[in-house]
Every structure is written in structure tokens, then in C-alpha cells.
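Take a look at the chain below. Follow it from one end to the other before reading on.

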Amino acid sequence: MASWQEIEKEVPELAGRVRELLDAHRHKTMATLRRDGSPRISGTEAQFKDGEHLVIQMRHEGRGFREVRRR
């Protein structure tokens, strides 16, 4: 998997646009898939930490969180 720094180096325009969108608002929505394959939209918070890591915060008890953890 490429690091964020590698992505910024290889495709700076795309990386800049993604960063701009993620930094525009604190609250985001994330689509996950239920076990039956149908979509679920969950509220999240996401932000870059240390310029490299994307940290996503969700309710620990929430279904969306369980769906993200499920493989």
C-alpha cells in the first residue's frame, strides 16, 4: 500500500483535491456494506494526523463501526 507521502509525490493534483475535501468539514459520512450487501451510511469524523495518517472516528457501538471492522 502506498503511503500518503508517496501519493502526494506521484499525483499531487489528486492528493491536493482529496486533502481539500477532507479538510473542508469535520463531519463526514461513510458508506459501508451490511452483511447482505446493502449499503449503510454512517456519520463519521475524519482528519489527517501528522500529515500521514487518516484517522476516522465512529461510534464504537455503532453498526457502521462493526461493518468497517468486519472482513
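The paragraphs below go from the whole chain to its sheet, and then to single residues.

This is a predicted model. The protein chain averages a pLDDT of 85, and 99% of its residues score at least 70. Confidence varies between the elements. Helix α2 has the highest mean pLDDT, 91. Helix α3, residues 63-69, has the lowest, 77.

Start with the overall plan. The protein chain holds 3 helices and 3 strands. From the N terminus on, the order is α-α-β-β-β-α. How spread out is the protein chain beside a compact globule? Its radius of gyration is 14 Å, while the globule rule gives 11 Å for 71 residues. The first value is well over the second, so the chain is more spread out than a compact globule. Along the principal axes, the C-alpha atoms fill a box of roughly 40 × 25 × 20 Å.

Now consider cover and surface. Buried residues make up 20% of the 71 residues. The accessible surface comes to about 6000 Å². Carbon and sulfur atoms account for 52% of that surface. Contacts also tell us how the chain folds back on itself. Take the contacts between residues at least 6 apart in sequence: 32% of them join residues at least 24 apart.

Next comes the sheet. The 3 strands form an open sheet, in the order β1-β2-β3, with antiparallel pairing. Which strands are at the edges? They are β1 (27-33) and β3 (53-57), and each pairs on one side only. Neighbouring strands are turned by 45° against each other on average, direction ignored.

Look at each pairing in turn. β1 and β2 (residues 39-49) pair over 7 bridges. Three bridge partners let you trace this pairing. Thr29 has Gly43 as its partner in β2, Met30 has Ser42, and Leu33 has Pro39. The hairpin of β1 and β2 has 5 residues between the strands. In that hairpin, Gly37 takes a positive phi near 90°. On the other side, β2 and β3 pair over 5 bridges, again in the antiparallel sense. Here Glu45 has Gln57 as its bridge partner in β3. The hairpin of β2 and β3 has 3 residues between the strands. Asp50 takes a positive phi near 60° there.

A helix lies across this sheet. Helix α2, residues 12-24, crosses β1, β2 and β3. The helix runs at about 105° to β2.

With that in mind, turn to the two faces. In a regular strand the side chains alternate between the two faces of the sheet. β2 follows this pattern. Arg40, Ser42, Thr44, Ala46 and Phe48 point to one face and are buried. Pro39, Ile41, Gly43, Glu45, Gln47 and Lys49 point to the other face and are not buried. β1 has two faces as well. Lys28, Met30 and Thr32 make up its covered face. His27, Thr29, Ala31 and Leu33 make up the uncovered one.

Three residues of β2 show what this looks like up close. Begin with Thr44, which lies in strand β2. Is Thr44 buried or exposed? Its relative accessible area is 5%, so Thr44 is buried, the cut-off being under 20%. Leaving aside neighbours within four places in sequence, Thr44 is in contact with residues that include Lys28, Met30, Ile56 and Met58.

Phe48 also has its place in strand β2. Phe48 has a relative accessible area of 14% and is therefore buried. Which residues does Phe48 contact, leaving aside its neighbours within four places in sequence? They are Trp4, Arg19, Leu22, Asp23, His53 and Leu54. Trp4 is 44 residues away along the chain. Even so, the C-alpha atoms of Phe48 and Trp4 are separated by 10.0 Å.

Ile41 lies in strand β2 too, but on the face that is not buried. Its relative accessible area is 58%, so Ile41 is exposed, the cut-off being over 50%. Ile41 touches Thr29, Met30 and Ala31, not counting residues up to four places away in sequence. Ala15 is 26 residues from Ile41 in sequence. From C-alpha to C-alpha, Ile41 and Ala15 are 24 Å apart in space.

Technical notes:
Residues are numbered from 1 along each chain as its sequence is written. This is a predicted model: local features need pLDDT of at least 70, side-chain atom pairs count only at pLDDT 80 or more; totals for chains, interfaces and linings use all residues. Side-chain values use heavy atoms; hydrogens and water are left out. Two strands pair if DSSP finds at least two bridges between them. Helices (H or I, at least four residues) and strands (E, at least two) are DSSP runs, numbered from the N terminus. Axes are lines fitted to C-alpha atoms, for helices over the stretch in contact, and angles run from 0 to 180 degrees between N-to-C directions. Contact means heavy atoms within 4.5 Å. pLDDT is the predictor's confidence in each residue, from 0 to 100. Buried means under 20% relative accessible area, exposed over 50%, partly exposed in between (1.4 Å probe, protein chains only). The radius of gyration is taken over C-alpha atoms; the globule rule is 2.2 Å times the number of residues to the power 0.38. Accessible areas come from the Shrake-Rupley method with a 1.4 Å probe; for residues, only the protein chains shown count as cover.
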